[in-house]
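Me: I would like a close look at a single part of this protein, explained carefully enough for someone in a first year of study.

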Amino acid sequence: MVNKMLYSKSATHSHSVAWFLAALMVLSTSAVLFASNDVNREEFLGDEPVVFRNTNTQQTYDLYLAKQNETVGGQGTITTLAPSSEGQEEASAVDGLEFRSAELITDLYVNGTGASNIARLSIYYQFSGPTGSTATVTFALKAGDSQIVTASKELSDPCSTNPLSGNACSWTVIEVEFGLASDGFTVPQGKQLKIRIDADAQCADGQGGLPSANGCDVKFAFGKVGSGGSYSRLQIMTNALSGSSVRVHSCNGNFGCSWNDEEKLEWAPNHRLEFREMRFSVEVRDAFGRDDIEDVTLVMSTPNEANSVFEIDFDDDMLKLDNNGLVGIYNYTASGLASGEYPVRLEINDVQGHSLLFEHPGLEFLEHDVYLTVPQNQPDVVLYAPGQTSKVNLLIEHTGSASSSLDVVFDIADNLPIEWAEPLWSQASGSYTLTGGGDSAIPELLIEVPEGDLSDAPEYLQIEARVYATNDQGQSEEVAIKTLRIDFEKVDVFAPPRISIYEDQEHQKQIADSTRPEAYDEGLSHYVDAFNGSENFYIDVFNSGFDTDSFKIRVLEQPDDWQYRFYSNVTGAELTEQGIYHLTTDIGSTQLLTVRMEVFPPEDRESLDIGLFSLAFSSTEDSELRTDVAFTVQRTFGILAEVIADSDGVGEGNLLGQVGPVSPNQDVWYNVRISDSSSTSTTETTWRIINPRDLSRNADNNPKYTAWEYSISNDTNDNIVVVSLPADEYVDIRIGVQLNGQVEAGEHIVYTRIIEEGVEEENEPRYFDLPVKVIIKEDVVPGRIEITAKTEASRFSSGEEKNLEFKITNQNNVELDVFILLYQPLGWEGGIRATSNQLGSDFIFVKLSAYESKDFSLEMTAPESLKDSASVAFEFKVTPMNNETPYAEDFEQTFAFQYVTECSGASCLFGELTNPEPQTMVFYVILGVLLLYAARRGRQQPTQHFEAIVQDKKTEELFEEELDEADDSMPEPVVAQADDDDLELLEELDEL
């Protein structure tokens with residue numbers, strides 16, 4: 001349904017009257033009267049209050065030019081408030097003069113008056129200067145920085161500032177008409193409406209436009225001009241209140257009462273109280289801001305509008321600034337209202353007398369309406385069992401008019417199997433009569449469930465109630481249909497109970513729920529003050545079986561020296577004991593019994609302060625039908641510390657005092673409230689806060705906890721050691737924890753102790769140990785498995801067997817199964833093993849805890865044939881496993897280890913001959929080539945010639961000297977060319 005705004009002077013005004021007023025206003029604005037000798041006073045149309053009744057209708061607004069406001073800028077401001085308390089302001093336009101409004105709260109749609117759509121500026125001015133001077137003044141109307149329209153005025157006949165002159169200066173009104181486009185213009189939300197004035201003076205004495213004693217000047221007056229209360233102002237047509245509205249909601253859980261929630265327009269006059277609570281949300285949007293609003297009134301009238309159901313005036317305390325508008329809330333509980341449509345209207349008056357009337361769609365209070373639900377003692381689930389009869393009680397309430405009688409016919413929608421018997425209602429045909437508003441009935445439904453296969457049973461029952469009333473013709477007609485869906489759950493005749501545990505009798509602080517065990521941390525402490533002697537816990541035992549049953553309670557676990565008793569919370573009687581069991585009374589199907597458990601802490605200071613109570617609840621008909629729950633108790637001594645916030649924030653699944661999962665290097669914090677609960681104390685007590693790093697129980701639990709960095713601070717102190725508290729007072733601190741890595745994944749509990757200062761240990765000082773929990777997430781990263789050699793490297797001899805020791809380390813924060821595979825050189829034989837009693841193999845599995853190291857060994861045997869100083873490498877390929885599933889390929893790592901061989905004697909020589917190294921093979925080739933070359937030369941020359949040319953060193957030197965002394969003119973000797981074969985041999989030798 002669309003909300004509408006209607007505007008007019010009254011509900012009976014006609015359009016002809018409105019047009020007459022508009023014409024009268026345009027004609028009257030040009031009249032100017034002079035209030036005194038020094039001020040020419042302008043008379044504007046005397047505006048009477050105008051009521052807006054249409055968002056498309058605009059009315060006259062006078063926008064006054066007032067003194068400067070530094071917040072909005074410019075040399076002056078534009079405001080809807082007449083500046084009656086201000087004095088006259090003056091400014092020259094020669095250097096430019098600008099007036100600005102405040103930033104608009106909503107879009108402002110601006111028009112002018114008359115057929116030409118004129119916006120009229122009436123402003124007081126003075127043009128001074130020598131005789132014969134002239135000036136041109138340009139006026140601009142702007143929306144933000146966008147210029148909309150300009151107008152110019154030519155000025156002549158300047159006045160003289162000389163008081164003895166016959167043409168003394170006075171203030172005169174100049175009328176400036178801005179001709180707007182036919183559709184006007186819009187100043188956007190957040191922008192300013194601006195008027196810019198620029199004057200260009202031409203002085204007769206040639207001094208230009210600069211103001212001076214003998215020069216020219218164009219000044220404008222604003223604020224309260226003169227003594228008669230005249231003003232400079234801009235007259236426009238607009239609607240500054242058009243964004244205002246009212247909405248109606250219900251805050252009942254089935255609806256929503258935020259501004260953007262769906263409105264509730266239908267109400268039942270005789271409904272339950274919570275369904276008759278109405279929320280009226282008012283939003284007042286005046287483009288010119290809060291100062292433009294005079295008053296706001298919300299009215300709800302009777303259907304005939306003769307009287308008001310309520311009329312509320314919103315004062316300043318009821319309206320607050322929100323989303324650039326004023327919002328207010330009025331809550332009303334409807335009572336004693338007859339059926340019918342109730343008009344709602346919002347009336348807003350501004351400072352200039354304009355009134356906005358926002359008419360909300362009427363609120364319908366229904367004559368014929370009912371509410372269908374289940375009685376308070378009926379659970380929201382219907383149980384059924386093979387061969388049994390299920391009973392359902394419903395509740396139907398007449399919520400409509402007190403004078404209307406209704407007939408309600410019940411049925412189950414077609415979702416029961418056809419093989420089942422017809423359901424039976426407590427009244428024939430399932431018809432029930434409600435005589436008037438406020439009347440109710442409890443229909444009873446019986447469903448016979450057959451034996452055998454029930455797989456086709458529905459998951460829910462769809463209850464349908466058809467409502468009939470007698471119309472004006474005396475005929476019965478259907479006026480409403482209501483449906484109710486109830487879960488339909490199969491159970492055994494007897495079943496395990498559902499258990500819920502609470503700290504308080506009002507059942508507001510739940511600490512355990514057997515149906516949602518993940519929602520509550522059984523390790524979270526619940527406090528028992530030793531000064532009080534005991535503490536009560538309230539246990540709801542719900543019989544989820546089909547038949548009546550009683551239950552046996554057994555305490556499976558309890559802290560040493562702690563005691564307990566069980567009582568019926570209904571009668572106060574202690575439960576009957578039967579050996580190790582405590583017996584409840586009979587509990588009907590889908591009914592519950594609240595058992596009070598009183599817990600007594602030990603008196604001995606050496607006894608455990610904290611421990612777990614684990615309880616088992618089993619059916620007396622079948623002890624196998626059992627439910628277990630547990631919760632932790634902690635003894636206190638008049639001092640208590642509780643986590644009130646933590647770095648996880650607030651949200652579903654975020655338990656206070658528990659942070660995580662977080663990374664091993666993340667910082668976490670806990671806001672803790674320390675309370676002195678010793679109400680009998682009359683003096684202030686000093687409490688020392690023991691840093692978790694210095695608390696022995698943390699070191700006993702895990703030595704790594706003492707390596708973490710802890711800070712204890714508040715808003716004023718970064719290192720708190722002690723706090724002083726009067727009785728029943730508290731102080732808040734923050735405990736910060738820097739984990740520093742090397743933290744195993746999983747839950748970690750760290751304690752902070754608050755202990756009474758100045759009391760010796762033998763005098764048993766009061767204290768409290770606060771546990772906080774941090775959960776570290778699994779952090780498995782490639783490259784975090786390390787293998788290092790423990791055995792010093794030594795040379796391998798032929799056929800030698802060595803046992804090499806290695807260490808493998810898991811640098812991840814989770815336990816890993818690691819697969820190690822050996823790659824060995826050809827001819828070598830090796831086997832790896834984790835323990836001495838294992839047979840060596842080329843692979844092993846090693847289980848490594850987080851940050852754990854383990855030793856393993858490699859038994860390696862060298863082959864019989866080895867070479868001296870050869871380098872031998874073998875590798876370990878490591879694959880981490882996740883529950884027998886390998887991690888991705890990039891998690892695999894390879895570790896190589898180098899060893900050197902040695903050999904000597906004939907076996908080494910024989911090995912080099914049979915399996916030479918590359919450098920040996922090169923030597924063989926060179927030797928072969930030389931031998932081949934020598935053989936070829938020997939075949940070409942006689943042996944004796946070879947021997948003749950072999951000379952000793954001295955003969956060769958004498959021969960060389962004789963050659964040097966020979967005549968240079970001797971012809972060059974003829975040298976025989978070497979055979980081609982010899983050259984090829986030499987080239988091959990060079991290449992080698």
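Which kind of link do the side chains of aspartate 62 and arginine 233 meet in? Please take this pair as the starting point, and then set it beside other parts of the chain.

Reply: The model is a predicted one, and in it the side chains of aspartate 62 and arginine 233 meet in a salt bridge, with 3.3 Å from N to O. The two residues come from distant parts of the chain, since aspartate 62 belongs to strand β3 (residues 59-66) and arginine 233 to strand β15 (residues 233-238), and 171 residues separate them. To judge whether each partner is buried or exposed, one needs a cut-off, which is that buried means under 20% relative accessible area. Aspartate 62 has a relative accessible area of 4%, and therefore it counts as buried; arginine 233, at 9% relative accessibility, counts as buried too.

This pair is part of a wider set, as the structure holds 31 salt bridges. Another of them is formed by glutamate 98 and lysine 142, whose closest N and O atoms are 3.9 Å apart. Because glutamate 98 lies in strand β6 (residues 97-100) and lysine 142 in strand β9 (residues 134-143), this pair ties together parts that are 44 residues apart in sequence. Both glutamate 98 and lysine 142 are buried, and the two also belong to a network of salt bridges in which Glu98, Arg100 and Lys142 are linked.

A further salt bridge joins the side chains of aspartate 609 and arginine 635, with 2.6 Å from N to O. Here aspartate 609 sits in the loop between β44 (592-600) and β45 (610-619), while arginine 635 sits in strand β46 (residues 626-636), so the pair ties together parts that are 26 residues apart in sequence. Aspartate 609 is buried, because its relative accessible area is 13%, and arginine 635, at 1% relative accessibility, is likewise counted as buried.

It helps to place these pairs against the chain as a whole, whose secondary structure comes to seven helices and 64 strands. Of its 992 residues, 43% count as buried, and the chain exposes about 52,100 Å², of which carbon and sulfur atoms supply 45%. Among the contacts with a separation of 6 or more, 73% are between residues 24 or more positions apart.

Threonine 483, in strand β35 (residues 476-490), offers an example of a residue that is not buried. At 45% relative accessibility, threonine 483 counts as partly exposed. When its neighbours within four places in sequence are left aside, threonine 483 is in contact with Leu372, Gln462, Ile463 and Glu464. Its C-alpha atom is separated by 9.7 Å from that of tyrosine 371, although these two residues are 112 residues apart along the chain.

Strands can also be followed through their pairing, and one open sheet has four of them in the order β47-β49-β53-β51, with antiparallel pairing. Strands β47 (639-646) and β51 (709-713) stand at the edges with a single partner strand each, so one side of each is left without a neighbour in the sheet. From one strand to the next, the twist averages 25 degrees. Within this sheet, strand β49 (residues 667-676) is joined to strand β53 (residues 730-738) by nine bridges, and the two run antiparallel. Serine 675 has tyrosine 730 as its bridge partner in β53.

Definitions and conventions: Residues numbered from 1 in each chain as written. Predicted model: local features only at pLDDT ≥ 70, side-chain atom pairs only at ≥ 80, totals over all residues. Heavy atoms only, no water. Helix = DSSP H or I, 4+ residues; strand = E, 2+ residues; numbered from the N terminus. Buried < 20%, exposed > 50% of the residue type's maximum accessible area, 1.4 Å probe, protein only. Contact = heavy atoms within 4.5 Å. Areas by Shrake-Rupley, 256 points an atom, 1.4 Å probe, with all protein chains shown as cover. Pairing = 2+ DSSP bridges. Axes fitted to C-alpha atoms, helices over the stretch in contact; angles between N-to-C directions. Salt bridge = Lys/Arg side-chain N within 4 Å of Asp/Glu carboxyl O.
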